Every structure is written in structure tokens, then in C-alpha cells.
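Thanks for coming. I will take a few minutes to walk through one model, part by part. Please keep the structure open while I talk.

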Amino acid sequence: MKENCKMPLLPLRGMMIFPYMIIHLDAGRDRSVAALEQAMLQDHKLFLSAQKNAELDVPQRDDVYEIGTVVEVRQLLKMPGGALRVLVEGLHRGRIAGWNTLEKYDEVVVDEYADAIDGSMEMEALTRTVVHEFEEWVKLNKKIPPETLVSVAIIEDAGRLSDLIASHMNLKLEDKQALLELVDVKARLERLYAILARELEVAELERKISTQVRKQMEKIQREYYLREQIKAIQKELGDKDGKQAEIEEYRSKLDAGQYPENVRKVVDKEIHRMETMSNLSAETSVIRTYIDWLLALPWETETADTINLKKAARVLEHDHYGLEKVKERILEYLAVHKLASEQPEEAGLMKAPILCLVGPPGVGKTSLAASVARAVGRKFVRASLGGIRDEAEIRGHRRTYVGAMPGRILEGLRTAGTKNPVFLLDEVDKLDMDYKGDPSAALLEVLDPAQNKTFSDHYVELPFDLSQVFWIVTANNLGNIPRALRDRMEIILLSSYTEQEKLEIAKRYLLLRQRRENGLKAQELTLANGVLSRIIAEYTRESGVRELERLIGHICRKAARRIVEGDAKSVRVTVSQLEDYLGRPKFTHTKAETEPQVGVCTGMAWTEVGGDILPTEVTVLKGRGKLILTGQLGDVMQESAQAGLSYIRSRVQQFNLPGDFYEKQDIHIHLPEGAIPKDGPSAGITMTTAMVSALTHKTVRSDVAMTGEITLRGRVLPIGGLKEKVLAAYREGMHTIILPKDNVRDIEDIPENIRARLEFVPVENMDEVLNHVLEN
């Protein structure tokens with residue numbers, strides 16, 4: 001080692017020189033030109049060292065590498081503009097020991113290193129191995145001329161050999177600098193061997209890719225060739241670049257979106273797992289689907305409510321006729337929500353309501369939920385639960401299963417894109433169960449305000465807040481909903497539409513909609529007074545208005561055909577023409593008796609399609625005390641008849657009957673329309689009154705309809721469905737309604753215009769009933 005040699009410094013940008021390397025350099029910076037000129041004035045020696053940052057014009061000592069190369073200037077040529085082109089030859093390594101910043105250039109004190117000579121067998125073996133690897137690399141790399149191998153093979157100095165091989169390889173500046181800084185020849189050769197081995201693998205891979213592409217690329221443009229080469233590279237490396245782009249997209253979505261901290265940690269972990277896996281692994285697609293779901297769920301996204309009670313009331317009134325209780329409950333919730341939102345400390349404590357709308361088909365339960373969403377300005381999501389028997393449909397499948405997906409709850413929220421939509425769970429009473437679990441039990445967590453803030457889906461496995469969702473559940477039969485689930489919801493009963501309500505709905509909504517859907521203008525089709533009423537009474541028998549709308553649509557289509565064929569410019573349908581459009585009537589209402597008769601009494605019945613009257617006939621025959629019941633009476637009505645007979649037997653003196661009348665006479669009770677099954681606890685007083693009339697030969701008023709159950713002591717018990725029953729009685733011309741006293745509170749549900757035309761007689765016992773209805 002030669003120490004303390006002073007010489008000018010020439011910093012290099014983006015390149016470096018190995019010892020024994022001859023190369024041309026261009027120098028354009030003023031201090032570099034001055035350093036070259038000074039070297040030419042002295043012994044032509046110069047110290048070259050690479051800059052750490054190529055952007056610097058005037059580098060300082062810390063800005064250049066400490067290890068560089070001492071070179072000798074062989075030739076110097078001045079270029080236009082003051083620049084110099086020089087030919088230099090690398091001599092040996094050097095280390096900067098001192099630094100002098102002069103006026104025109106930098107001078108460094110250099111410790112020069114010479115390579116040590118090692119003639120051991122180990123060094124000879126290492127040298128041969130490196131030469132062999134270099135020869136293999138040159139064969140694969142067409143850019144190196146074959147003459148290079150000859151010049152390398154004749155070199156016996158191991159240090160010079162390593163530097164010469166390194167100078168021919170296209171390495172990164174950092175790798176070249178690392179080789180230059182290895183003063184020990186053995187360590188340098190070992191490092192060079194590792195680099196050659198890596199380059200051989202890359203070159204072999206390039207050759208393989210090139211071969212694959214070349215077979216596919218006969219007579220194809222160069223641009224297409226390049227694209228195919230990229231595809232082949234990605235295929236060989238497992239589509240690393242494509243997967244990396246996908247991972248970057250995931251990370252950008254995670255950074256830009258609103259996600260809780262626990263979700264961010266899980267997504268980060270899954271992205272890291274995906275990054276370390278091959279694209280050919282089946283687990284990669286599972287992870288990709290899982291990440292997509294986590295990023296797509298609205299963890300923190302919610303819709304701002306537009307709370308305007310007057311506007312909400314207008315929307316509900318515009319979309320639905322009647323349903324006052326439901327509308328009132330929704331407006332109450334909006335009022336409470338508005339007050340809570342004005343107090344931020346209370347807003348987070350308020351739970352969204354869970355309403356359960358129970359009613360027969362076609363009364364507007366599903367469409368009401370959509371109107372609620374429009375009234376509050378929220379997104380609307382619907383999930384049908386009919387026929388579901390697997391718990392995983394609600395809570396999702398665990399990710400260990402092939403094709404696992406989240407349940408319908410999170411799927412609906414993803415579709416809505418918000419965490420607080422109006423969510424309709426339709427047909428909850430149609431849930432089933434099997435060996436895979438009970439979905440109604442899974443719904444307990446969803447619909448429990450105390451638990452759904454941390455709802456856990458088996459697929460996502462992270463708590464999701466469902467407490468802000470406005471839940472609306474629908475059912476046809478309240479009895480089919482499990483008690484535990486029913487306890488978590490606010491039950492709102494929707495009764496069947498009355499004929500008056502159906503008429504209003506048809507006028508306000510159905511006729512307008514069917515005209516529009518069938519391309520008719522208002523003046524092209526008109527219905528005369530009484531047409532809609534007759535359709536309702538004689539062509540439909542339903543709780544809702546679906547069949548009614550279909551029949552109106554049928555009339556619209558026939559009218560449209562007549563107009564298109566030129567038979568008429570406009571169509572007016574009258575009551576007398578209705579059979580031409582819809583055929584003969586399908587239904588007729590049961591008619592009440594017009595004159596008082598013995599043993600004939602008018603009761604009232606409730607059905608899923610509305611109310612109807614129930615004429616009851618009793619005949620007394622000679623016999624052996626049998627009670628004959630006909631007309632498809634159910635068990636409850638048969639028991640009511642037995643109870644009524646027992647009541648009469650206990651009052652034989654009051655009714656002036658022989659004490660053994662029941663032993664010598666048969667009593668036959670018949671309810672007409674025998675094809676229709678009848679049952680329910682509301683015909684007890686009707687059958688008892690008819691039996692008393694037949695036994696005492698007293699007529700029963702024909703303008704009276706009654707409903708109520710009877711006990712053995714003659715007490716009248718309350719019943720249900722009073723509204724539908726009274727409307728049916730009013731339709732058939734009844735003037736007086738006898739009802740249990742406990743049902744007086746239900747009279748408010750009857751429309752006021754009908755209520756004013758009827759006389760209501762509340763009764764507590766059977767004696768009061770008989771006093772009002774028996775004549776003579």
C-alpha cells in the first residue's frame with residue numbers, strides 16, 4: 001500500500017472505473033476540467049470516485065464514495081464549448097485519506113492499494129470457477145464478443161481477472177461499488193461468483209422466455225412481439241407484476257376509504273399474505289375475494305337523513321291510502337330522531353326501530369317499506385326470507401368452505417353502500433329449519449338492539465354495526481313467528497282492506513297506474529260510477545288489491561285494442577258492459593233474510609279476504625236429543641254450539657220449555673255455503689239465539705247482525721276482526737250490530753261515515769242479546 005499520494009479528484013456521475021479498465025470520459029464541469037488540466041501538468045495521474053448523488057454539481061467529501069480508482073490519463077481532447085474528452089486507464093484502488101478544496105479543483109490525499117498475490121490451490125480453484133461461470137454467462141449474453149473470453153483466459157493475476165470480468169458486466173452502480181471496495185482478492189472473487197450465478201439464472205430465464213415467444217411470433221409486428229414477451233415474463237414469474245398492481249390498488253382503496261382500525265389491520269394482514277403467495281395458489285383467490293368484501297362493505301358510510309316531517313307525511317299519504325297506525329309510528333320515529341340529532345351526545349344512543357308489519361297478502365307491506373325509505377331519504381334494501389332453512393343464509397358461511405360468501409344481511413348492506421338503509425326482511429313467517437341450523441335463531445342477533453351493534457358474520461369475522469339500520473319485517477301469520485323473535489319487534493297489524501278502502505285505492509292509484517302502463521291517456525278510458533264497486537264485490541275475493549289491479553289492467557288492454565283497431569277513439573265502460581270485458585261475476589255475497597223468521601239469525605264472520613255475514617238456520621225435529629251440525633263447522637264452532645245448548649238447558653223455565661225437551665227432540669244447526677269451511681270463536685251467541693228462536697217459536701229481527709262467544713253461564717266474550725265484520729253487515733243492509741261490551745273500543749276503527757249509520761248494542765250476557773233480537 002502506498003500512502004499519502006496527492007492528486008486531483010474527478011467525481012463521476014452514474015458510473016465508475018475498475019482498475020485495468022480503459023475508457024473514454026467527457027468532462028464538462030469547470031472543476032472537473034481544471035482537475036484534468038492539473039493532472040496533465042503533473043504526472044498524468046488522477047483519482048476517480050463515483051458521486052452518491054448524481055444531481056450535485058459541486059460535491060463535497062461526504063458526497064463521493066471513499067473508495068475509488070487511481071487512473072492515468074492517456075489522451076486528452078478539447079471539445080467545443082470548453083469540455084474535454086479523455087482516455088484513461090485504471091491503475092489500482094485507492095482510499096481518500098485527506099481532502100483539500102482548492103480554488104479551481106479538489107485535491108485528495110490517496111492511500112493506494114495493490115492486489116496481493118496468492119498462489120494457493122484454493123485461490124486457483126476459485127479463479128477457475130469464476131472464469132467458468134463467466135464463460136457460461138458470455139455464451140448466453142450475445143452482447144459480449146467472444147474475443148473477451150480469450151483476453152480473460154490468458155490473465156493469471158486473480159485481482160486483475162476479477163476487475164476485468166466486473167468491468168464487462170452490466171451491473172448496478174451499488175454492486176460495482178461494492179466490488180470495488182473489496183480490497184481482499186479472495187472476498188472479491190467470492191462476491192463476483194455470487195453475482196455471476198445470479199446473472200446466469202436471469203440470462204437462462206431470458207433465453208427461455210425468448211424461445212417461448214419466438215415460437216409464437218412468426219411474421220408478427222415488433223409491438224405485438226413486445227407485448228407477448230411481457231406476457232411470457234409474467235407467466236414465468238407467476239404474474240408478479242400483475243399481482244403487484246392489484247396489491248397497490250387495494251392499498252390505495254384502503255388509504256382513501258373510511259374504515260375502522262380493526263378492519264385496516266385485517267386488510268393489511270391479508271394483503272401481506274397475498275403478496276407472499278403465488279398466483280397459482282388456490283388460497284390467493286380466497287384472499288382476494290375476502291379483501292374485496294372487506295373493502296366494499298360500508299363500515300363508516302351512512303346516508304344523511306332528510307328529516308322533514310311534513311314532507312315525509314306527504315310522501316306516505318301519496319303512496320298509500322289508510323294504514324294510519326303505521327304512518328303515525330314512522331312519523332314518531334322521525335320526530336325523535338330529529339330531536340336527538342340536535343343533541344350530539346344523545347344521537348349515538350338512539351336505536352333505529354324494528355317494525356314488524358303483519359297482515360294478509362296484497363295489503364301493501366312491501367311497498368310501504370319502499371315509501372318509508374323515500375320519506376326519510378335513505379337507501380332501500382330487500383331480502384326475501386321465504387323458504388330459507390340454512391343459518392348461513394343470515395350469518396354467512398365460514399371461509400373454510402369452498403365458495404363461501406357472507407350472509408344476506410351484509411350482502412344487502414354492500415348493495416346499498418350505506419350502513420343505515422331501510423332494510424326490509426320479507427316473509428319472516430316463512431322461515432324453515434333443518435339440520436343446518438335455525439335461521440330464525442340467527443335473526444335474534446340481527447334484530448336485537450342490544451346485540452346488533454356488534455353483529456358478527458361467519459365470513460367476515462369482524463363486528464359490524466347494524467344499530468343504525470331501519471328494520472322493517474313483514475309476515476302474513478303472526479303465529480308462525482317464533483316467540484323470542486317476536487319479542488324483539490314492534491308488531492303493527494294490517495287488516496284486510498275494506499271494500500270502501502279498495503274503491504279509494506283503485507281510484508287513486510290502480511286505475512292511473514294501469515292506464516299509464518298500457519299506454520292510455522285519461523280521456524281514452526273512463527269507468528262509469530259503480531264499475532269499480534262491482535268489480536270489487538263480484539269479481540274479487542281477496543284481502544289486498546292485486547287481483548283488482550289485474551282486472552283493471554284487463555279492461556285497459558281490451559280498451560287499447562279497440563282504440564288501435566279503430567273501433568273507437570275513446571272507451572267508456574259502464575256497469576252493464578262489465579260482463580263483456582270481464583265475463584260473468586265470479587263471487588256473490590251471502591244475502592241476509594229480508595223478513596223476520598223463526599230459527600234464522602244473522603251472524604258475522606272474519607276471513608283473510610275481508611268480512612262476510614253468516615246466516616245461521618236451526619230446525620227442531622222429533623228425535624232422541626241429538627245436536628246435528630252441518631256446514632263444515634270447525635271444532636271451535638262445534639264446541640260453541642254445545643255450550644249454547646247447555647246454556648238453554650239451564651234456563652228451561654225462563655224460556656218456558658219442557659224440562660225434557662232435549663230428550664225428545666233433535667236440534668239441527670246449519671250454516672249455508674257448506675263448501676266453505678268455517679271456524680272461530682265468534683258465532684256462539686248467533687247459534688244460541690237461533691236455537692232459542694226455534695225452540696220458543698219466536699221470530700228474530702232480520703236487520704240485526706251479531707258476533708260474540710258464549711260461556712255456559714251465558715256471558716258474552718270478546719272477539720276479533722270487528723271492523724271487517726261490521727262493514728260486511730253494513731253492505732248487506734243491517735242496521736243494528738250486537739257486539740261484546742269489551743269490543744266497544746274497537747268501534748273507533750270503523751270509518752266514521754259507516755259508524756254514523758249503524759246502531760251498536762254492547763252486551764255482557766246472553767239475556768241482553770235475546771231481549772234485543774227476539775220479537776213477540
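I will go through a sheet, a hairpin, some aromatic contacts, one helix and two loop residues. Keep in mind that this is a predicted model.

Start with the sheet. It is open and has 5 strands, in the order E8-E9-E12-E7-E13, with parallel pairing. At the edges are strand E8, residues 380–384, and E13, each of which pairs on one side only. On average, neighbouring strands here are turned by 20 degrees against each other, if direction is ignored.

Now look at strand E7, residues 354–358, in that sheet. How many of the residues of E7 are buried? The count is 5 of the 5, so E7 is largely enclosed by the rest of the structure. As a reminder, in a regular strand the side chains alternate between the two faces of the sheet. In E7, one side carries Ile354, Cys356 and Val358, the other carries Leu355 and Leu357, and all of these are buried, so both faces are covered.

E7 has a partner on either hand in the strand order. With strand E12, residues 470–475, E7 pairs in the parallel sense over 5 bridges. Within that pairing, cysteine 356 has valine 473 of E12 as its bridge partner, and leucine 357 stands opposite threonine 474 in E12. With strand E13, residues 490–493, the pairing is also parallel, over 4 bridges. There, valine 358 stands opposite leucine 493.

Next, the hairpin. Strand E5, residues 84–101, is joined to E6 by 8 bridges, and the two run antiparallel. They form a hairpin with 4 residues between them. One bridge to find on screen is arginine 93, whose partner in E6 is tyrosine 113.

Strand E6 covers residues 106–113, and 8 of its 8 residues are buried, so E6 too is largely enclosed by the rest of the structure. What points each way from E6? One way go Asp106, Val108, Val110 and Glu112; the other way go Glu107, Val109, Asp111 and Tyr113. All of them are buried, and that includes the acidic residues Asp106, Glu107, Asp111 and Glu112.

On to the aromatics. The structure holds 6 aromatic pairs, and I will show two. A pair of aromatic rings is described by the distance of the centres and the angle of the planes. For tyrosine 290 and tyrosine 459, the centres are 5.7 Å apart and the planes stand at 75 degrees, so this pair is edge-to-face. Where do these two tyrosines lie? Tyrosine 290 is in helix H10, residues 282–296, while tyrosine 459 is in the loop between strand E10, 455–456, and strand E11, 463–464. The pair therefore ties together parts that are 169 residues apart in sequence. Both tyrosine 290 and tyrosine 459 are buried.

The second pair is phenylalanine 661 with tyrosine 662, again edge-to-face, at 5.6 Å centre to centre and 85 degrees between the planes. Are its members buried or partly exposed? Phenylalanine 661 is buried, at 4% relative accessible area, whereas tyrosine 662 is partly exposed, at 26%.

Two arginines also sit over rings. Arginine 399 lies over the face of tyrosine 290, at 3.7 Å from the ring centre. Arginine 414 lies over the face of tryptophan 293, at 4.2 Å from the ring centre.

Now helix H28, residues 766–773. Met766, Val769, Leu770 and Val773 of H28 are buried. Why are they on the same side of H28? Because they cover an arc of only 95 degrees around the axis. The N-terminal end of H28 is capped by asparagine 765, with a side-chain oxygen 3.1 Å from the backbone nitrogen of aspartate 767.

Last, two backbone details. Most residues other than glycine have a negative phi. Histidine 44 has a positive one, near 65 degrees. It is found in the loop between helix H1, 30–41, and strand E3, 45–50, and is partly exposed at 29% relative accessibility. Asparagine 656 also has a positive phi, about 60 degrees. Its place is in the loop between helix H23, 635–649, and helix H24, 661–664. Asparagine 656 is exposed, with a relative accessible area of 71%.

That is the tour.

Methods
Residues numbered from 1 in each chain as written. Predicted model: local features only at pLDDT ≥ 70, side-chain atom pairs only at ≥ 80, totals over all residues. Heavy atoms only, no water. Buried < 20%, exposed > 50% of the residue type's maximum accessible area, 1.4 Å probe, protein only. Arc of directions from axis to C-beta. Polar contact = N/O pair within 3.5 Å; in protein donor to acceptor, adjacent residues only side chain to side chain. Phe/Tyr/Trp six-rings, centres within 6.5 Å; stacked < 30°, edge-to-face > 60°. Lys NZ or Arg CZ within 6 Å of the ring centre and 35° of its normal. Pairing = 2+ DSSP bridges. Axes fitted to C-alpha atoms, helices over the stretch in contact; angles between N-to-C directions.
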